[in-house]
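Welcome! Have a look at the model below, and then let's talk it through together.

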Amino acid sequence: MQHKRVIFQGRVLPYFLVLPQLIVTLVFFIWPASQALYQSVLLEDAFGLSTEFVWFENFEDLFADPSYLNSFKTTVVFSLGVTTLSMIAALVLAAMADRVVRGATAYKTLLIWPYAVAPAVAGVLWWFIFNPTIGVFAYALRQLGYDWNHFLSGSDAMILVIIAASWKQVSYNFLFFLAGMQAIPKSLIEAAAIDGAGPVKRFWTIIFPLLSPTTFFLLVVNVVYAFFETFGIVHATTSGGPAQATNILVFKVYNDGFIGLDLGGSAAQSVILMLIVIALTVVQFRYIERKVQY
Amino acid sequence: MIENRPIVTLVTHIVLLLGVAAVAFPIWLAFVASTYPVDGLVSGVLPLWPGDQFWINYGSALTGGVEAAGSPPVLLMMMNSLVMALAIAVGKIAISIISAYAIVYFSFPFRATAFWIIFMTLMLPVEVRILPTYEVVANLGMLDSYAGLAIPLIASATATFLFRQFFLTIPDELLEAARVDGAGALRFFFDVVLPLSRTNVAALFVILFIYGWNQYLWPLLVTTDESYYTIVMGIQRMVAVPDSEPLWHLIMATAILAMIPPVFVVIAMQRLFVKGLVETEK
């Protein structure tokens with residue numbers, strides 16, 4: 001661990017300084033996380049009267065449960081959809097914004113503000129626009145001959161939450177792609193232009209390969225976003241329905257724990273989610289170490 | 001611009017304008033919807049131009065009259081959101097900056113242990129440990145209180161990390177000079193470190209304010225008393241009214257009001273916002 005060459009001497013003061021954060025961390029992070037670990041190996045009866053130590057039975061039950069496996073699949077589809085849609089849209093917009101000379105700042109301002117909209121609010125907005133009875137898009141789709149109804153059709157509901165989640169995430173990806181592009185030395189691009197490479201060729205042979213660290217970083221961040229920060233979108237709109245078509249993992253943990261009161265099962269799901277977060281964090285840190293050399 | 005190609009430039013601007021339109025369109029529709037009377041929306045299709053009920057709808061959303069829609073007055077919810085967002089932003093910055101200071105500028109037993117305990121929280125978003133965290137807060141009697149809304153969310157490894165990285169770049173000569181002049185640890189903190197951290201604190205504040213304002217799951221769990229509802233979760237209560245069509249004109253007015261503070265912060269403090277975003281993700 002890195003350290004200063006000159007430091008203060010103090011016996012009591014440093015403890016006072018770290019204490020507030022340590023207390024909050026222990027009470028609201030470490031303790032609940034260890035509780036989740038502990039409960040995940042217990043089986044409690046419906047009235048909470050007796051508990052039994054059951055090793056990994058809760059986990060075995062989970063992976064034998066078709067609705068959990070379905071939730072896994074749903075989450076994968078959802079995060080693939082969100083990541084692809086929001087990254088491609090952001091990449092196109094950033095490539096364009098990197099080209100313009102006039103009005104670049106104005107475009108930037110107009111594209112980044114959805115970051116500030118709460119996921120739940122974004123969900124409600126799109127929920128309204130696609131509302132089968134009064135929504136504008138649902139009406140337009142009906143005119144085109146498609147009967148949109150996210151209350152009945154699982155795939156419609158999935159498309160709805162993917163659009164809402166991506167709409168909010170585009171601004172974030174846009175900022176990072178644009179920063180990545182602006183960090184590419186102009187001389188490289190000018191040299192390619194002198195050699196006769198057009199804008200499209202320059203993008204694919206120079207800009208896109210040099211952006212790969214940014215792209216990889218955003219890939220991880222977007223997966224984390226789709227996995228964990230989209231609870232509000234699903235809860236405020238589809239509530240996992242219809243017929244569990246949008247029942248993503250974070251929503252299921254909440255639903256099984258608070259509505260279904262299946263403590264052991266919910267705790268086991270929490271543990272699996274923690275493992276996923278830890279794995280993603282490790283991947284991200286590995287990447288940061290490599291970025292230093294690059 | 002490398003070369004002069006008017007057509008490519010034109011296409012560039014068209015694509016960007018389409019992007020801006022796609023981003024703004026849902027908000028425009030929400031705004032339009034919030035300016036119509038209730039029966040202007042349920043019958044048929046939404047118009048694309050605002051109606052004449054702007055003052056009436058926003059007035060009734062802000063000061064009451066939303067009981068039919070299933071939530072307390074929006075003004076109250078906005079106040080709650082503001083208290084929560086400010087408490088989270090200020091609290092996080094305060095506890096992180098002092099713990100980072102201790103970790104960088106002191107040598108004490110268990111320093112590394114403290115660092116790793118704090119570091120672990122980076123990996124555990126509230127969504128994955130909701131049930132046990134809820135139990136802790138319930139046992140402490142913090143349900144339905146501002147403390148319960150804010151305190152469990154103020155521990156953050158990200159902020160501590162950011163301050164630690166920044167403190168490590170402060171030249172050692174400053175500390176040597178301060179010690180020659182007889183300054184103690186607290187004096188050095190308030191007179192040198194804190195002023196130097198000003199931009200970092202401001203950038204972090206912007207990000208954390210948005211983070212706090214947009215909290216959804218946590219307020220949903222810990223508040224059952226309407227007087228502690230925050231606006232983002234209040235909207236969900238309005239959408240999920242049982243047995244009746246939601247009052248879309250009031251919901252959209254509330255959604256617009258819920259967006260204004262964080263969006264304003266992003267636009268007004270764009271440079272700090274970008275700085276904060278880039279630095280917290282490092």
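Here are a few questions and answers on salt bridges and overall form.

Q: What kind of model is this, and which pLDDT do side-chain atom pairs need?
A: This is a predicted model, where local features need pLDDT of at least 70 and totals for chains, interfaces and linings use all residues, while side-chain atom pairs count only at pLDDT 80 or more. Residues are numbered from 1 along each chain as its sequence is written, chains are lettered from A and ligands numbered from 1 in the order in which they are written, and side-chain values use heavy atoms, without hydrogens and water. The pLDDT asked for is 80 or more.

Q: Which residue forms a salt bridge with A:Lys252?
A: A salt bridge is a side-chain nitrogen of Lys or Arg within 4 Å of a carboxyl oxygen of Asp or Glu. Here the closest N and O atoms are 3.2 Å apart, and both residues lie in helix α12 (residues 249-259) of chain A, four residues apart. The partner of A:Lys252 is A:Asp256.

Q: Is B:Arg187 buried or exposed?
A: Buried means under 20% relative accessible area, exposed over 50%, and partly exposed in between (1.4 Å probe, protein chains only). Because its relative accessibility is 55%, B:Arg187 counts as exposed.

Q: What radius of gyration does chain A have?
A: The radius is taken over C-alpha atoms, and the globule rule is 2.2 Å times the number of residues to the power 0.38. A compact globule of 294 residues would come near 19 Å, but chain A has 24 Å.

Technical notes: Helices (H or I, at least four residues) and strands (E, at least two) are DSSP runs, numbered from the N terminus.
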